[in-house]
Amino acid sequence: MGFRPFIYRLAAKHSLSGYVQNRSDGVVVEVEGPEVSIASFMSGVQGELPPLAEVSQISCAEVEIKEDTGFRIIESESGGLGKVYITPDIATCSQCFAELFDPEDRRFRYPFINCTNCGPRLTIIKDIPYDRINTSMSCFPLCPLCRGEYDNPADRRFHAEPNACPACGPALSLLDEAGKLLPDKDPLRKVVTLLLKGYVVAMKGLGGFHLAVDAANDEALKRLRSRKFREEKPLAIMVKDISAAARIAQLGKEEEALLLSPQRPIVLVRRRETDAISPAVAPGVSDLGIMLPYTPLHHMLLENHFQALVMTSANQVDEPICMRNREAIQRLRGIADYFLVHNRDILVRCDDSIVTVSSGKKRMLRRSRGFAPKPVTLKKWYPEILALGPQMKTTLCILKGTLAFVSPHIGDMETPEARDFHQESLTLMQKIAECKPDIIACDLHPSYYTTKLAEELPASRIIKVQHHHAHIVSAMAEHGIEGEVIGVAMDGTGYGLDGTVWGGEFLVAEEAAFTRIGHIMNYLLPGGEKAIREPWRIAVSLLREAYGNNWQEAAEELQIVPEKSYYETMNRIMVQKFNSPLTSSLGRLFDGVAALLGVRKMVTFEGQAAMELEAMAKGKTDVLLPVDIRETGNVLCLDFSPMIRNIVDEIRKGRNKTEIACAFHVTLPVVFRDMAEAIRRRTGIDRVVLSGGCFQNRILTEGTISELEKAGFVVYFHHLLPTNDGCISLGQAVCAGAQVMRGI
Ligand code: ZN
Ligand code: ZN
Ligand code: FE
């Protein structure tokens, strides 16, 4: 990315002659000059790299002196500009930022300023190679000044494809709720006034539209939430700079670095007590999603007026983020009061990425803008595979050689819009990876949209991969490890080999195959899907596991069941196992325990009860709750019934529920370690791989890693992809690839 111009400028700075050229095996640089200059040039190559450039290896050799004069950028061997992978979008760099607010600069307050080191990339491409003609900038002919920069190797904007200025580039406009153009000389200033008045403004960003409101304005938030039917889910905010972030949240070093990184993700951080933002931004949870401005427009918006702006993806519930002007006006009818749009088309949808820090490392929760479509580099070579992902939090993945191209976050395959987005992403990734694999990997679940899609697409072979095996294999692939590992997959739900709903799994796994060596005890999910939205049902099921037919007594005492008449129904459906599948899910167990502790009976989004249980578990405790490891046949089973009985007893004794929530969070890592030790005694394996949605819970993850390491295990956990279902497509692809390679 901007590497050759960087080398050019560096050579010029040290008065060296020679050339730089892209070749298929890397970049070749030849320099000629005094030894000291060459030495400082070399240290510059390593120390002054442009923001997103990565050098994996440098090798040096002496060559004959050619008495060259001047320094040249030579055309690539293949002709043209050579192979350039599409890079992610990058936040406004410091130089562009300075120009943006410099009254002397010709781009003063121009909201589309960018250079080779920053600006849109993936989101403006319609085809490859990445040339202006193949982007949505093709309809903006460069003015002579911009053209001069674009053609000058010494300029920061040499071959910056989205280069533009007020004279030749895109411009903002403001529309009313019906999409009618409002004539206003300064749409941005107008938007600031509207936001201050509490209006909801839809704003076109880099990878899609945001809905923005003043984060301090309770009324505006209420309006936004009721219009978006998103009554409780936490909303992300954007603040002006790092010191504004530090006033709102407790930031560690890693968190600060992530907020400031050129990818500019949303970072989940622990909030402080502050009245800078309304409590309605993120009710009931201890974490807050914060990001810093990443486009010139954001910088100008936050320049003076707001402590924080809510910036949430503009979409209807479960639908993908809006991308085009007309689409936004249609789909956001009744939600947005105004639209701040521009005429540079977004061609690839890209949500904000979400990251957090646990055990001192960056963890992805949603991988999209700024990170995708950078491929994951694998340790081994694989044939071309297309993996379609699971049902929720889907990504798709194309495997090719040693690269795995994982798409930006697509989302839940529940609406026609989301399915169209999956199709869009498939076409995009085929272009980026430059192949159309005909071996297709998908989930085992017969009714997932992606499974059905696999059966419809032209394929020479379809390989179905068990959900939790895919979880473990994806984490293995990120770390480039092979051979047998103990896989601990703690998850919401996934289709099991036996047709039950898995989700608390201990596997002995390698890339191509696995055995289920242990799991969380099976319990019923009374009402099936309904139990996900109504955790009290799970609490009832857990009480029934613990007390048999006497469950009602405890349920009554703890006031679990919302209405008296439900006792009879619940009993009946559980006895008859009517619409009550068996599950071993830890995610659902979390929900059930949350309901037992009175956190909530109903949720409005998946994982809400579990998140609130985590928020409740502040503080420390040495108290462990009793959990049994039983052996049935050859399989180890984690029996949580003693724990459930213990929790009920403690509640009866009037013990503080916060302490119980803490003890629950401390107990799980210990029993996972006990299980891993039991498996190590049987198999001799001492590598543990963690994956699954439950490890989004920081207390659980940090505890588990630390318990396992203390017991002498080598622990591997995701660092490139999310531990939730965003990683499944990679696991499917690698598992299928390994099966093909081994002739399975
Ligand atoms: Zn820049
Ligand atoms: Zn221009
Ligand atoms: Fe999962």
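Let's start with a pattern: along the chain, the donors of the zinc ion (ligand 1) are spaced as C-x2-C-x18-C-x2-C. Keep in mind that this is a predicted model. Below you'll find the zinc site, an iron site, a helix and a strand with its partners.

**The zinc site**
- Four sulfur donors hold the zinc ion (ligand 1): the SG atoms of Cys-93, Cys-96, Cys-115 and Cys-118, at 2.3 to 2.4 Å.
- Two of these cysteines, Cys-93 and Cys-115, are 22 residues apart and link distant parts of the chain.
- Cys-93 sits in the loop between strand 3 (71–74) and helix 3 (94–100), while Cys-115 sits in the loop between helix 3 and helix 4 (144–151).
- The angles among the four donor atoms run from 104 to 119 degrees, and the site is tetrahedral.
- For comparison, the ideal angle for four tetrahedral donors is 109.5 degrees.
- Cys-93 counts as buried because its relative accessibility is 10%, and the cut-off for buried is under 20%.
- Cys-115 has a relative accessible area of 0%, so it is buried as well.

**The iron site**
- The iron ion (ligand 3) takes its protein donors from His-467 (NE2), His-471 (NE2), Asp-491 (OD, listed twice) and Asp-725 (OD), at 2.0 to 2.8 Å.
- Along the chain, the spacing of these donors reads H-x3-H-x19-D-x233-D.
- Here too, a pair links distant parts of the chain: His-467 belongs to helix 13 (residues 467–479) and Asp-491 to strand 20 (residues 485–495), 24 residues apart.
- Both His-467 and Asp-491 are buried.

**Helix 18**
- Helix 18 (residues 586–596) has 11 of its 11 residues buried, so the rest of the structure largely encloses it.
- Among those buried residues are Arg-588, Phe-590 and Asp-591.
- At the start of helix 18, Ser-585 has a side-chain oxygen within 3.2 Å of the backbone nitrogen of Gly-587.
- After helix 18 comes Gly-598, with a positive phi near 75 degrees.

**Strand 4 and its partners**
- Strand 4 (residues 172–176) is mostly covered, with four of its five residues buried.
- Strand 4 runs antiparallel to strand 13 (residues 338–342), and five bridges join them.
- One bridge pairs Leu-174 with Leu-340 in strand 13.
- Strand 4 is also antiparallel to strand 5 (residues 181–182), this time with two bridges.
- Across from Leu-175 you'll find Leu-181 of strand 5.
- Four residues lie between strand 4 and strand 5 in their hairpin, where Gly-179 has a positive phi near 90 degrees.

Key: Residues are numbered from 1 along each chain as its sequence is written. Chains are lettered from A and ligands numbered from 1 in the order in which they are written. This is a predicted model: local features need pLDDT of at least 70, side-chain atom pairs count only at pLDDT 80 or more; totals for chains, interfaces and linings use all residues. Side-chain values use heavy atoms; hydrogens and water are left out. Donors are N, O and S atoms within 2.8 Å of the metal (3.2 Å for Na, K and Ca); water is not among the atoms, so sites may look incomplete. Buried means under 20% relative accessible area, exposed over 50%, partly exposed in between (1.4 Å probe, protein chains only). Four donors count as tetrahedral if all angles lie between 85 and 135 degrees; four count as square planar and six as octahedral if opposite donors are over 155 degrees apart and all others between 65 and 115; anything else is irregular. A polar contact is a pair of N or O atoms within 3.5 Å; within protein, one must be able to donate a hydrogen and the other to accept it, and residues adjacent in sequence count only if both atoms are side-chain atoms. Two strands pair if DSSP finds at least two bridges between them.
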